[in-house]
Every structure is written in structure tokens, then in C-alpha cells.
Amino acid sequence: MLKPHPMMHKALTGLKNFASLERREPEALQAQSVTAVLLALGSNYQAETYLPIAREQLGALGQIQLSTAFQNPDFTATVEHPKPDYTNQCVYLSLKTPMTVQQLQQTYKQFEWECHRQRLIEQQMSIKQVTMDIDILLVRLLIEKNSLSRENESEWTIMADRYPFKAHEVAGINELIAKDSFEK
Ligand SMILES: Nc1ncnc2c1ncn2[C@@H]1O[C@H](COP(=O)(O)OP(=O)(O)OP(=O)(O)O)[C@@H](O)[C@H]1O
Ligand SMILES: Nc1nc2c(c(=O)[nH]1)N=C(CO)CN2
């Protein structure tokens, strides 16, 4: 196989066939350092206010690339229990400094909190008002230089509890991959 020229390195190349990537439970990944993550943002309440706030918070951690934000029906809504639509957007975040999965999850919890997400109120109301939900779909593991792993290819790992991905997540990931190979 031809090795890509270093300048041609594309951050999301290793993601193309994500169905074939390794899946690991979040518990098994807590202490792992990661260099990049693919996130799904969701908001069903004042999304036009909270999505930009979340993007700004995430941007402080490193470089971000965004998929188009789409309004989708809540996939838990039924005819008997209609629910407000979600606005969803995927984010590729390349971290300035590697962080562990545990640190990332704590940081996102803090961001959700800063978006005034009130879990207690959510629980008491029949319809949840979710200002901001940040889910980790995939992580790129920090691989030690002396490891024998193939460069760029094998380090993307799926958060098993989020798999299979929702249709809007697949669409967002594919859009990010397409943009990435186009722009670099
Ligand atoms: N892939 C993941 N992304 C984000 N958090 C996760 C993930 N897997 C497990 N967790 C854990 O789940 C906990 C709660 O997640 P979250 O805040 O998304 O809850 P929720 O919004 O009530 O549930 P959901 O997002 O599934 O509707 C987090 O504290 C985190 O430790
Ligand atoms: N379309 C859509 N539906 C949802 C979503 C979401 O992000 N998008 N999140 C939920 C709970 O986290 C429940 N339902």
C-alpha cells in the first residue's frame, strides 16, 4: 500500500469505514488519553442560543470542524407522546493537548451545566427541555510513538454505548469526512 505524503495527512481519513472500527465500552476507555474526538450535539430547547455557546466552549479546547446543523424529530417521540424537535450537529474536535476520556466527559458535563441544563427539572417535567447534550461518538486514541500500530489507521475507536449511530449522526460524520478530504 502506498503511504500518503505527510502533507496530505487528513485528520478524518481513518474514519471512512467506521462500521469496521473497534468498539469499546466507555468504562474501558476512561483512563485512555485521546487526541481527537467526534461529538454529537443535540438541543431541543433554544438551540439557536445554545449551539453557538457549545461550539465556542469546544473551540477553546482545540480546532473544530462542524457538520451542518439539522432539525430532526425526537426519535423517542410517539403519536401519543409528541416531543419537540432536536437540532443536531456533529463536531470533530482536534485537541490542543491530549485529555483522558474521563476528563473530557467531566468537561462536557460542565459545558452542559453552563448551558443551564437542569437535569432535576428535566426529570420532573413530562417533556424534557434539553438545552445541550454532548455525546462522544468516537475517540482517536493517543498512540505511543514506539507502538507498532499503523499510522493514522487504527486509532479511531467507537464508543460502544453509542453504536449503532443514529441516522443524523451517520450523516454528520460522513459530511465531516467529505469536507475534510476536500479542504486539505
Ligand atoms: N459516549 C458517551 N458520551 C458522553 N457521555 C457518556 C458516553 N458514554 C457514557 N457516558 C457517561 O454517561 C453519563 C451521562 O450521560 P449524558 O449526560 O449524556 O446523560 P443523558 O443525557 O441523561 O443520557 P442520553 O444522552 O443518553 O440521553 C456521563 O456522565 C458519562 O460519564
Ligand atoms: N433527533 C434527536 N432525538 C433525540 C436526541 C437527539 O439528539 N436527536 N437526543 C435524545 C436524548 O439525548 C432523545 N432524542
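## Thr 157, the ligand 1 shell and the salt bridges

Leaving aside residues up to four places away in sequence, Thr 157 touches Glu 22, Arg 24, Leu 29, Leu 137, Leu 138, Val 139 and Leu 141. Keep in mind that this is a predicted model. Two of those neighbours, Glu 22 and Arg 24, also pair up with each other through their side chains, in a salt bridge. Elsewhere, 13 residues gather around ligand 1, and Asp 161, one of the closest, has a salt bridge of its own with Arg 162.

**Around Thr 157**

- Thr 157 sits in strand 7, which runs over residues 156-159.
- Is Thr 157 buried or exposed? Its relative accessible area is 1%, under the 20% cut-off, so Thr 157 counts as buried.
- The Glu 22–Arg 24 salt bridge has an N to O distance of 3.9 Å, which still qualifies because the cut-off is 4 Å.
- Glu 22 is partly exposed, with 45% relative accessible area.
- Arg 24 is partly exposed too, at 22% relative accessibility.

**Ligand 1 and its shell**

- Which residues come closest to ligand 1? They are Lys 109, Arg 119, Asp 133, Ile 136 and Asp 161.
- On the backbone side, a polar atom of Ile 136 lies 2.7 Å from a nitrogen atom of ligand 1.
- The side chain of Asp 161 puts an N or O atom 2.6 Å from a nitrogen atom of ligand 1.
- Arg 162 joins in as well: an N or O atom of its side chain is 3.4 Å from an oxygen atom of ligand 1.
- Taken on its own, ligand 1 has 620 Å² of accessible area, and the protein covers 65% of that.
- Helix 3 (101-114) and strand 6 (133-141) are the elements that give two or more residues to the shell.
- Strand 6 makes the largest contribution to the shell, with 4 residues.
- Sorted by class, the shell holds 8 charged residues, 4 nonpolar ones and 1 polar one.

**Salt bridges**

- How many salt bridges does the structure hold? There are 4, with Glu 22 and Arg 24 forming one of them.
- Arg 162 and Asp 161, both already met at ligand 1, form another, at 3.6 Å from N to O.
- Both partners are partly exposed: Arg 162 has a relative accessible area of 33%, and Asp 161 comes in at 42%.
- Lys 179 and Glu 175 bring their side chains together at 3.3 Å, N to O.
- Those two are 4 residues apart in helix 5 (residues 167-183), so about one helical turn separates them.
- Lys 179 is partly exposed, at 29% relative accessible area.
- Shared partners link Asp 135, Asp 161 and Arg 162 into one salt-bridge network.

**The chain as a whole**

- The chain has 5 helices and 7 strands.
- From start to end of the sequence, the order is β-α-β-α-β-β-β-α-α-β-β-α.
- The chain has 184 residues, and 41% of them count as buried.
- Of the contacts between residues at least 6 apart in sequence, 76% join residues at least 24 apart.
- About 10900 Å² of the chain is exposed, with carbon and sulfur atoms supplying 55% of that area.

Notes:
Residues are numbered from 1 along each chain as its sequence is written. Chains are lettered from A and ligands numbered from 1 in the order in which they are written. This is a predicted model: local features need pLDDT of at least 70, side-chain atom pairs count only at pLDDT 80 or more; totals for chains, interfaces and linings use all residues. Side-chain values use heavy atoms; hydrogens and water are left out. A residue is near a molecule or strand if one of its heavy atoms lies within 4 Å of it. A polar contact is a pair of N or O atoms within 3.5 Å; within protein, one must be able to donate a hydrogen and the other to accept it, and residues adjacent in sequence count only if both atoms are side-chain atoms. Accessible areas come from the Shrake-Rupley method with a 1.4 Å probe; for residues, only the protein chains shown count as cover. Ala, Val, Leu, Ile, Met, Phe, Trp, Tyr, Cys and Pro count as nonpolar, Asp, Glu, Lys and Arg as charged, and the others, Gly among them, as polar. Buried means under 20% relative accessible area, exposed over 50%, partly exposed in between (1.4 Å probe, protein chains only). Contact means heavy atoms within 4.5 Å.
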